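Here are some notes for a colleague who is opening this structure without having seen it before. They are set out as numbered points, to be read with the sequence and the model in view.

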Amino acid sequence: MSTPRDVVVLVGSLRKDAFSRKTANALVALAPAALKLAIVEIGHLPFYNQDDESQPPAAWVSFRQRVRAADAVLFVTPEYNRSVPAALKNALDVASRPYGQSAWDGKPGAVVSVSPGAIGGFGANHHLRQSLVFLNVPAMPQPEAYVGGAADLFDSAGGLVKEGTRTFLAGFMAAFAAWIETNGKH
Ligand SMILES: Cc1cc2nc3c(=O)[nH]c(=O)nc-3n(C[C@H](O)[C@H](O)[C@H](O)COP(=O)(O)O)c2cc1C
């Protein structure tokens, strides 16, 4: 078997019991063997400030290197006020600079939005996609993943309780593996 694709997983919520992190863990567990997923933390990244580029914080440097080394990126995010949480937007901004050296450039991506609400973070999903267009991240168009009703999806150990959700998320990851092969660097 060929080497699995290295997929960085970014979780848009910083809270410990986040539904989005539980969803990310489920996606990691359901991914096909062709993918090797790793959640990369973003909560410690200092706010992007261009003045700091002359001596970039170590956390920026290592985050940029980690993203650059990856074959693909999976975003799993809640919706904050119909948009992307600031921590995730900051991570996007940090790895997009210095100008002309964006770590995102050409990396295949996929977006999963998660909410206890009924519309599954649609606003965050599409605001994120707007940035991904500019960053030249080919984001998988289908299947879309708006995970709603998230408060009822997990047991106390973080396991998925609904078979339909498990089947959907497994199909999503299989489609993403195919998307990476089609759109990634060979
Ligand atoms: C600042 C803030 C804004 C929020 N805005 C939205 C929103 O626009 N749409 C939505 O569905 N839920 C919204 N929520 C509720 C979140 O979906 C809910 O807190 C969810 O658990 C956060 O995701 P997490 O479990 O991954 O941390 C908001 C929560 C916070 C803290």
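1. In what follows, two residues are said to be in contact, or to touch, when they have heavy atoms within 4.5 Å. With that in mind, and bearing in mind that this is a predicted model, one may begin with Asp-105, which touches Leu-135, Asn-136 and Lys-185 once residues up to four places away in sequence are not counted.

2. Asp-105 itself lies in the loop between α3 and β4, and at 43% relative accessibility it counts as partly exposed. With one of the residues it touches, Asn-136, there is also a polar contact from side chain to side chain, at 2.9 Å. The position of Asp-105 relative to Gly-117 deserves a look as well, since the two are 12 residues apart along the chain and their C-alpha atoms are separated by 33 Å.

3. For the overall layout, the secondary structure of the protein comes to five helices and five strands, and read from the N terminus on, these elements run β-α-β-α-β-α-β-α-β-α. The C-alpha trace spans about 50 × 40 × 25 Å along its principal axes. A compact globule of 186 residues would have a radius of gyration near 16 Å, and the protein, which has 16 Å, agrees with that expectation.

4. How much of the protein is buried? Buried residues make up 45% of the 186 residues, while the accessible surface comes to about 9,100 Å², of which 55% belongs to carbon and sulfur atoms. Among the contacts with a separation of 6 or more, 77% are accounted for by residues 24 or more positions apart.

5. The structure holds four aromatic pairs, and one of them joins Phe-63 and Trp-104, whose ring centres are 6.4 Å apart and whose planes stand at 70°, so that the pair is edge-to-face. Because Phe-63 lies in helix α2 (residues 58-69) and Trp-104 in the loop between α3 (86-95) and β4 (109-114), this pair ties together parts that are 41 residues apart in sequence. Both Phe-63 and Trp-104 are buried, and ring pairs link these two residues with Phe-75 into a cluster.

6. Another of the pairs is formed by Phe-122 and Tyr-146, with ring centres 5.3 Å apart and planes at 40°, so this pair is tilted. Here too distant parts of the chain are linked, for Phe-122 is in helix α4 (residues 122-134) and Tyr-146 is in strand β5 (residues 146-147), 24 residues apart. Are these two rings on buried or exposed residues, or on residues in between? Phe-122, at 43% relative accessibility, counts as partly exposed, and Tyr-146, at 26%, counts as partly exposed too.

7. Towards the N terminus, the charged end of Arg-15 sits over the ring of Phe-19, 5.2 Å from the centre of that ring. Ser-20 is found in helix α1 (residues 19-30), and at 2% relative accessibility Ser-20 counts as buried. Leaving aside neighbours within four places in sequence, Ser-20 is in contact with Val-11, Ser-13, Val-76, Thr-77, Pro-78 and Val-114.

How values were computed. Residues numbered from 1 in each chain as written. Predicted model: local features only at pLDDT ≥ 70, side-chain atom pairs only at ≥ 80, totals over all residues. Heavy atoms only, no water. Phe/Tyr/Trp six-rings, centres within 6.5 Å; stacked < 30°, edge-to-face > 60°. Helix = DSSP H or I, 4+ residues; strand = E, 2+ residues; numbered from the N terminus. Buried < 20%, exposed > 50% of the residue type's maximum accessible area, 1.4 Å probe, protein only. Lys NZ or Arg CZ within 6 Å of the ring centre and 35° of its normal. Rg over C-alpha atoms; globule rule 2.2 N^0.38 Å. Areas by Shrake-Rupley, 256 points an atom, 1.4 Å probe, with all protein chains shown as cover. Polar contact = N/O pair within 3.5 Å; in protein donor to acceptor, adjacent residues only side chain to side chain.
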